[in-house]
Every structure is written in structure tokens, then in C-alpha cells.
Amino acid sequence: MAKAAPEPDPTPNEKPSFDGPPILPRVATGEPAAINECYDRFGGLVWSLARRFCANPTDAEDAVQEIFIDLWKSAERYDSSIASETTFVAMIARRRLIDRNRRRQRRPPMPTLPEQSAAPEESIGQAEMSEDVRLAAEAFEQLRPEQKQVLRLAIHHGCSHEQIATTTGMPLGTVKTHARRGLIRMREILRAQGKLVDEAGNRPGGDEA
Amino acid sequence: MSQTPPAGIDERSLDHVEEWLADRALLGRGDAGTMPRRFADHLDEGLDLAAAALDLALFPPREVPPAALRARVTARLREVAAAANAAATEPRAIGASSTASTASTASTASTALTALTGGFAASRSGSTGWWVAAAAIAIALLAWLPSLDPRGASPKVGESGESAIAALRQHASTKVVACACTDDPLCRADKVCGEVIWNAERQEGFLRLRGVAANDPRELQYQLWIVDSSRDARYPVDGGVFDVPAGEEEILVPIKAAVPVRDAALFAVSVEKPGGTVVSERRFVAVAPVS
């Protein structure tokens with residue numbers, strides 16, 4: 001591999017931004033310059049996820065490193081017709097973080113229970129997010145309140161079904177059903193918007209990916 | 001289920017698959033259990049991507065990583081990229097033939113290793129500690145491992161591998177170290193499950209492994225790691241991925257380290273996902289400490 005160009009100074013005080021020309025195809029080919037660009041593009045995203053899942057910053061730094069290695073190895077699987085790069089990177093990151101938490105049997109402290117029909121806790125920075133993320137926010141608002149409650153606890157806090165059942169007082173089976181149906185509904189809405197395709201490459205409207 | 005099942009799967013099975021996929025997206029693969037292979041064509045990432053998009057939508061990333069992290073991550077990625085480029089290095093099992101395990105006592109070095117892994121999982125403040133501690137514990141295992149003569153008799157293996165080993169043994173600097181079985185059920189040998197023959201000057205070596213279960217390469221593969229005490233202990237050297245074919249009680253694996261190994265302190269065999277990994281899951285089946 002050719003020697004990488006000298007690294008430019010990082011820009012630690014800038015807000016994370018994920019827009020820009022496609023980078024993952026270049027990562028997939030092993031292009032050296034893509035390493036720095038990939039980190040600059042997605043470092044904030046991955047770090048933010050890692051801080052949420054990890055107990056301390058040291059843990060989060062290790063997780064970020066593992067995630068970028070996973071990303072380096074998985075980049076060739078990325079298909080721009082299925083999802084945005086941002087969503088793909090977040091998927092890779094979530095998998096690693098969930099797996100780390102499982103292995104360590106140490107989940108973040110249980111959160112205080114949000115209001116059942118609460119709106120997203122933070123405003124959505126639509127200008128900086130991908131189209132499929134914006135649509136996901138809209139799709140979420142179309143879910144039933146119970147589904148939203150369960151998914152919020154599962155996704156944000158990495159709570160198990162059992163933890164959610166304990167927190168909400170819902171029967172375990174109900175929690176599982178809400179989680180599954182809510183997520184499937186999310187996928188259907190995203191597919192209907194042409195932002196996700198199924199395993200056969202088909203969109204609900206019948207157009208090929 | 002509002003969706004019409006795709007061809008090749010009935011509605012009830014589709015429900016089962018969807019439940020599995022939702023568990024995977026929210027809880028991780030391990031909680032999702034196993035899925036029959038006949039459904040493999042239906043395991044797309046739609047729910048994983050939906051969960052990821054929802055995560056970003058509900059909780060927009062706003063944190064800025066520490067400045068020092070950039071250098072650490074990009075440096076590691078360059079190592080990985082370089083190793084990948086250099087890796088026509090994947091070793092293959094060669095010259096294997098059956099031979100019965102001769103060890104007789106049951107027990108294991110791996111009680112210590114298991115405890116060690118658990119300790120890492122519970123405490124952590126850096127992967128450094130694990131490999132350093134692993135090396136220390138592994139070296140301690142030498143107390144009960146029989147010593148091996150570098151020029152001693154070899155177990156019966158295929159001629160091609162054996163002749164290569166014989167040539168390597170002619171060098172005075174060649175080390176032969178015993179390989180200890182851990183508690184992992186994939187290692188069915190008693191205490192000793194093989195040996196490592198390694199010559200640092202020539203950067204050549206072999207792993208001889210006995211009594212380790214055959215693997216399905218579609219599900220898992222074995223990976224050899226080398227802890228080089230001259231390097232950062234957090235990053236053991238990838239010694240390559242290999243398989244144990246069904247019916248082979250003993251295999252011989254040529255060691256082809258991805259990067260030069262200056263001072264090998266420990267060889268370890270782990271179980272990894274197909275294709276191997278650059279960050280080990282630390283499920284070890286065998287360890288060989290170098291005295």
C-alpha cells in the first residue's frame with residue numbers, strides 16, 4: 001500500500017457533518033487517502049453513538065477504533081441504492097456497540113422512562129442528515145405510542161426486552177410484539193419512500209433497485 | 001403481517017424470520033439465536049438499517065470526538081489496510097494426517113485463560129492489559145507443560161509439512177514450544193494439543209495442532225495470533241486464518257505473520273467469524289507461550 005499523505009489537522013470544534021461525495025466505495029478499494037476522509041466524515045457520528053453506548057470515554061475510544069475497522073472491512077457491501085452512507089455507517093457502529101455491551105454484560109444505566117407519546121428528545125438536524133434519516137423521523141411519528149416507547153428504549157438505551165417490560169410494566173410478549181411490528185413498520189415506510197429495498201432488490205412499488 | 005411473503009417462504013416462516021431480524025437489529029446477533037440456513041436468502045439488512053436510521057433521527061449525533069482519537073484510528077486503519085494488502089499470507093493446512101492424541105490428563109490451562117478473559121470483560125481499561133496478562137499467564141503455564149526438544153521427534157504428519165519442519169529444526173535459533181488446550185469445547189485434546197515451531201530470523205514457522213474440532217468455514221474459522229513483545233501489546237500480529245478439515249485429528253499450519261515478528265512471546269489460536277478478524281473476539285482454543 002502506498003504511503004498515506006500527511007494528515008491534515010483535525011477540526012475538533014466543528015459540529016459533525018456527514019454530507020459529501022460518496023466515500024465508502026473508495027474505502028472498499030483500499031484507497032489510502034480514503035482513511036482520513038472516512039474518519040473526518042463519520043468520526044463524529046461514530047463517536048456520538050459510542051459515547052451513548054459506552055460507560056466511559058476510554059471504552060468509547062476503543063469502540064470507535066473497532067467500528068472503523070469493521071467499516072473498512074464492510075465497505076464493499078455498501079449499496080447506495082439501499083441506504084445512505086450515513087445510515088450504513090450507523091448500522092455497522094450499532095452492531096459493534098451492541099455486541100460489545102452484550103459481551104461485557106454491562107449495559108448503560110436504565111433511563112428514566114420518557115413520556116409515552118413524547119416527541120424526539122432533540123430536534124432533528126435535517127440539514128445535516130441524510131434523506132432516509134429524515135424519513136425515519138417522519139415514519140417514527142406514524143407509529144403507535146406504545147411502539148414508539150418500546151423502540152425508543154431499545155434503540156437509544158440498548159435495553160433488552162426484559163428491561164423494557166420491567167420499566168414499562170408491559171408484558172414481555174407485548175414488548176416483543178411492539179418492537180418487532182414497530183421496526184417492520186419503519187422499514188415499510190422507508191421502503192415505500194424508496195429509501196430501502198428488500199432482499200430481492202424490490203421496492204414495494206415494483207421498481208428494481 | 002401486511003407483507004406478502006416472498007417466494008420460497010410461507011407466512012408463518014416469514015414471521016419467524018422477521019422476529020429474528022428484529023431481535024438482531026435491536027439486541028444484536030447473539031440474542032437472536034440461530035436461524036435455519038434455508039432462510040438465509042431472506043436475512044436482509046432492512047430492519048438493521050431502519051433501526052440505524054431511526055437511531056440517527058431520534059438522537060442526532062452531536063458530540064465531537066477527542067482530537068487525539070483521529071490519529072489513533074487512522075494509524076490503526078493504515079495498519080489494517082497494509083496488512084490486507086500484504087495478505088496473500090493466509091496459511092492453509094497442509095500435509096495433515098490422523099494421529100491419536102496422546103495426552104492423558106484432563107485439565108487445562110484454560111481455567112486461567114477463562115478467568116483472564118472474564119476479568120477483561122468485567123474490568124477493562126484497555127486491551128493492552130489483556131494481552132500483557134495473557135502472555136504472563138501463558139508463560140506461567142510452562143510450569144506444567146512438558147518441555148519439548150526443538151530437535152525431538154515429531155508427530156506423524158504429511159511429508160510436505162514434515163520436511164519443511166525438519167529443515168527449520170536444523171537452525172539453532174528455531175524454537176519449539178508446546179501448545180496448551182483451553183477449556184473451550186472445540187479443543188478436545190487434554191493438556192497438550194500441539195506445538196509451535198518458530199524461527200524468528202527466518203520469520204518462518206509452523207503450528208501443529210491436534211484434537212481441535214473440525215470447523216465449518218461458513219460459520220467460523222480458526223485464527224492464529226502472535227503476541228510480539230516488541231510491539232504495542234494491544235495489537236497482536238495476525239498469523240493467518242485456517243480451517244481444520246473434518247476427519248483430521250492433526251493438522252500442520254504454516255505461520256505467515258502479516259508483519260515481521262521480532263520477539264514472539266505467545267502464540268494463540270482463536271475462533272473467529274469466517275475470514276478472520278483484525279480485532280479478536282478472544283475466544284481461544286489453544287495457547288503456546290514462548291519461554
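Let's start in a loop of chain B: Gln203(B) sits between strands β2 (192–199) and β3 (204–210) of that chain. The model is a predicted one, and in it the phi angle of Gln203(B) is near 55°, a positive value in a residue that is not glycine. How buried or exposed is Gln203(B)? With 14 other C-beta atoms within 10 Å, Gln203(B) is partly exposed, since a residue needs 20 or more such neighbours to count as buried.

Staying in chain B, have a look at Val253(B), which belongs to strand β6 (residues 250–255). Val253(B) has 27 C-beta neighbours inside 10 Å and therefore counts as buried. Which residue lies 5.5 Å from Val253(B), C-alpha to C-alpha? That is Phe206(B), and the two are 47 residues apart in sequence.

Now to chain A. Eight helices and zero strands are found in this chain, so that its elements, read from the N terminus, simply run α-α-α-α-α-α-α-α. Chain A has 209 residues, and buried ones make up 45% of them. Among the contacts in chain A with a separation of 6 or more, 65% join residues that are 24 or more positions apart.

Two of the helix pairs in chain A share helix α8 (residues 172–192), and the table sets out how each pair is arranged.

| Helix pair | Angle between axes | Axis distance | Crossing |
|---|---|---|---|
| α7(A) (residues 161–168) and α8(A) | about 115° | 9 Å apart | right-handed |
| α5(A) (residues 131–141) and α8(A) | roughly 130° | within 9 Å | right-handed |

Because of its angle, the pair α7(A) and α8(A) is described as roughly perpendicular. On the α7(A) side, His161(A), Glu162(A), Ile164(A) and Ala165(A) make the contact, and on the α8(A) side the partners are Leu172(A), Val175(A), Lys176(A) and Ala179(A). By class, five residues of this contact are nonpolar, one is polar and two are charged.

What is the relation of α5(A) to α8(A)? These two helices are oblique to each other. Here α5(A) contributes Asp132(A), Leu135(A), Ala136(A), Ala139(A) and Phe140(A), while α8(A) brings Met186(A), Ile189(A) and Leu190(A). The contact of α5(A) with α8(A) holds seven nonpolar residues, no polar ones and one charged residue.

That leads us to the nonpolar cores. In soluble globular proteins, nonpolar side chains tend to be buried together. The largest nonpolar core of this model has 73 residues, and those touching the most other members are Val46(A), Ala136(A), Leu183(A) and Leu54(B). Which helix gives the most residues to this core? Helix α2 (residues 32–53) of chain A does, with 11. Another core lies apart from this one; it has 48 residues, including Ala189(B), Tyr222(B), Val244(B) and Ala288(B).

Leu183(A) deserves a visit of its own. Which residues does Leu183(A) contact, leaving aside its neighbours within four places in sequence? In chain A there is Leu151(A), and from chain B come Ala22(B), Ala25(B), Leu26(B), Leu47(B), Ala50(B) and Ala51(B). Ala136(A), also named among the residues touching the most other core members, appears on the α5(A) side of the contact with α8(A).

How values were computed
Residues numbered from 1 in each chain as written. Chains lettered and ligands numbered in written order. Predicted model: local features only at pLDDT ≥ 70, side-chain atom pairs only at ≥ 80, totals over all residues. Core = buried A, V, L, I, M, F, W, Y, C linked by C-beta atoms within 7 Å. Buried ≥ 20, exposed ≤ 12 C-beta atoms within 10 Å, placed from the backbone. Helix = DSSP H or I, 4+ residues; strand = E, 2+ residues; numbered from the N terminus. Contact = placed C-beta atoms within 7 Å. Axes fitted to C-alpha atoms, helices over the stretch in contact; angles between N-to-C directions. Parallel < 35°, antiparallel > 145°, perpendicular 65-115°, else oblique. Left-handed = near helix turned anticlockwise from the far one by under 90°. Nonpolar A, V, L, I, M, F, W, Y, C, P; charged D, E, K, R; others polar.
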